[in-house]
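Open the model in your viewer and keep the selection tool at hand. The tour goes stop by stop.

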Amino acid sequence: MRCESSVNKLIIVNSYCTQKSYWQSPLLNRIDEFVFEGLQQAIDTVPPIIEFKKRFKPFIEDEFPALLLDKKGDGEQSNAVIAHPYASQSWKSYLDVAKCKTTDSETMPKVLCIGAEGGWIDYEVDLLCQHGCTSVSLGQRILRTETVVNVLLGHWLKELPTPIHSDTQPFFIRTVCR
């Protein structure tokens, strides 16, 4: 649980590679314990909102676009990324292009979509990209989910001004692992 990384919302989404038994795991009933432990480590008192979405396509088509709205809710932001090991654009080139377009905290994506260790299936990548995500790669090797989280959030925290305000915190969407 990455509560110590200033993530204000965590959405756990079912994906193609998820085993059905995951949703009956007793660890899901203990999620508050893990959140509390992360908050203690970060010396924080504001827990992230945690949501579980068992149906991928309805979530992406019906709810995901609202996550990309700007602060006023009237325009769409194109700053969402999906980490995928087979993406043609690298994370570094994405950041370089984003920095050229703007000089403020909007450089970093508002939504980070991180899949299980094997990545996303093509259908899921395509659907997320159709709804505003940019697919980025962290290299040729397939990384553990925990590594991807640390890399993306590390870059995100480095680029944002201090103090971090709740309206600049990223949403973190992760599929569940096998």
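The stops below start with the whole chain and then move to single residues.

**The whole chain**

Show the cartoon first. This is a predicted model. The protein chain has five helices and seven strands. Follow them from the N terminus: the order is β-α-β-α-β-β-α-β-α-β-α-β. Now colour by accessibility. Of the 178 residues, 44% count as buried.

**Helix α1**

Select residues 31–42, which make up helix α1. Put a distance between the end C-alpha atoms: they are 17 Å apart. The expected span for 12 residues at 1.5 Å a residue is 16 Å, so the two agree.

Next, show the side chains of Ile31, Val35, Gly38 and Leu39, the buried residues of α1. They lie on the same side of α1, because they cover an arc of only 100 degrees around the axis. Turn to the face pointing away from that buried side. Phe36, Glu37 and Gln41 are there, and they are exposed.

**A salt-bridge network**

Which residues are linked in a network of salt bridges? Select Lys9, Glu51, Lys53 and Glu63. The structure holds six salt bridges.

Begin with Glu51 and Lys9, whose side chains meet at 3.3 Å, N to O. This pair links distant parts of the chain: Glu51 sits in strand β2 (residues 49–53) and Lys9 in strand β1, 42 residues apart. Is Lys9 buried or exposed? Lys9 counts as buried, because its relative accessibility is 15%. Glu51 is partly exposed at 22%.

Glu51 also meets Lys53 in a salt bridge, at 3.5 Å, N to O. Lys53 counts as buried at 16% relative accessibility.

Step on to Glu63. Its salt bridge with Lys53 has the closest N and O atoms 2.8 Å apart. Here strand β2, with Lys53, is linked to helix α2, with Glu63, 10 residues apart. Glu63 is partly exposed at 36%.

**Aromatic pairs**

Switch to rings. A search of the whole structure finds four aromatic pairs. Two of these stops follow.

Select Phe56 and Trp120. Their ring centres are 6.2 Å apart, with 50 degrees between the planes, and the pair is tilted. Phe56 is in helix α2 (residues 56–67), while Trp120 is in the loop between β5 and α4, 64 residues apart. Phe56 counts as buried at 10% relative accessibility. Trp120 is buried too, with a relative accessible area of 5%.

Now take Phe59 and Phe64. Their centres are 6.4 Å apart and their planes stand at 70 degrees, so this pair is edge-to-face. Phe59 is buried at 3%. Phe64 is buried at 0%.

**A surface patch**

Turn on the molecular surface. Where is Ile121? Look in the loop between β5 (111–114) and α4 (122–130). Ile121 is partly exposed, with 31% relative accessibility. Add Tyr16 and Tyr123: together with Ile121 they make a nonpolar surface patch of about 340 Å².

**Last stop: Cys17**

Select Cys17, in the loop between β1 (9–13) and α1. Cys17 is buried, with a relative accessible area of 16%. Then add Gly115. The C-alpha atoms of Cys17 and Gly115 are separated by 9.5 Å, although these residues are 98 residues apart along the chain.

Notes
Residues numbered from 1 in each chain as written. Predicted model: local features only at pLDDT ≥ 70, side-chain atom pairs only at ≥ 80, totals over all residues. Heavy atoms only, no water. Patch = residues over 30% accessible without salt bridge, like charges linked within 9 Å, V, L, I, M, F, W, Y side chains within 5 Å. Areas by Shrake-Rupley, 256 points an atom, 1.4 Å probe, with all protein chains shown as cover. Salt bridge = Lys/Arg side-chain N within 4 Å of Asp/Glu carboxyl O. Helix = DSSP H or I, 4+ residues; strand = E, 2+ residues; numbered from the N terminus. Buried < 20%, exposed > 50% of the residue type's maximum accessible area, 1.4 Å probe, protein only. Phe/Tyr/Trp six-rings, centres within 6.5 Å; stacked < 30°, edge-to-face > 60°. Expected span 1.5 Å × (residues − 1). Arc of directions from axis to C-beta.
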